[in-house]
Amino acid sequence: MSRTEKLLPIAEDLVIACQRAYTRGLQTGSGGNVSARVPGEDLMMVKASGSSFADCTTDGFVITDFDGNLVEGTGKPTREALLHGLLYRICPDVNAVVHTHSVYSIAWASTGKALPRTTWHAKLKMDSDIPTLNVPAAMVNPEYFHLVEEAYKASPKLPGFILKDHGIVVTGKTAVAAEHAAELIEETAQVAFLKQIAAKLGM
Ligand SMILES: [Zn+2]
């Protein structure tokens, strides 16, 4: 069995995560990206750049090393592959990464503050508030890796983080689990906003 055939269940999980993120409005257009660890190898399956989450199929992924170098498949790996590789290196329990440009989370990050867990459900499911990382670029280049490393050092079970003026980056045991966590973070940001507005209106 070829590597691609062996990895089909992982590709199928990634497709479900992409389609769900699109349907739930976590990601529009052609932005965002997802990846999964290749079990037992220092490799990952990442979404090829350019396609929309909505049109994602199991053919829409390539295999790269943790530095984003193409190892197998056709297409250009997402330009965020370096960040995904960093997360697999520093978080051995993480098997998948979901990155989306989710509106309420991005809006919350303009405060520069960590996103507080605004509901009981968020407190139950997430071990810590979600930090906002101020990376002043459209992608997380190695010069900003220390911000990610410091966040995980402070909170090893961190479910994810928000990139200021950019989006959320969420990890999980599987792509579908990471996508569910991304939905929870976006929901939490939405509630955080509405609570602030209600307080301002004196409700
Ligand atoms: Zn992005």
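Modeller: Before we look at I63, note that two strands pair if DSSP finds at least two bridges between them, and that strands (E, at least two residues) and helices (H or I, at least four) are DSSP runs numbered from the N terminus. This is a predicted model, in which local features need pLDDT of at least 70, side-chain atom pairs count only at pLDDT 80 or more, and totals for chains, interfaces and linings use all residues. Residues are numbered from 1 along each chain as its sequence is written.

Biologist: Which residue in β4 does I63 stand opposite, and how do you know that β3 and β4 pair?

Modeller: I63 stands opposite E72 in β4; strand β3 (residues 61-65) and β4 are joined over two bridges in the antiparallel sense, and at least two bridges are what the definition asks for, so they pair.

Biologist: What makes β4 and β6 edge strands?

Modeller: In the open sheet of eight strands, with the order β4-β3-β2-β1-β5-β8-β7-β6 and mixed pairing, β4 (70-72) and β6 (132-133) each pair on one side only.

Biologist: Why is α2 called roughly parallel to α7?

Modeller: The axes of α2 (residues 8-23) and α7 (residues 175-200) cross at roughly 20 degrees and come within 8 Å, where axes are lines fitted to C-alpha atoms, for helices over the stretch in contact, and angles run from 0 to 180 degrees between N-to-C directions. Angles under 35 degrees count as roughly parallel, over 145 as roughly antiparallel, 65 to 115 as roughly perpendicular and the rest as oblique, and therefore α2 is roughly parallel to α7.
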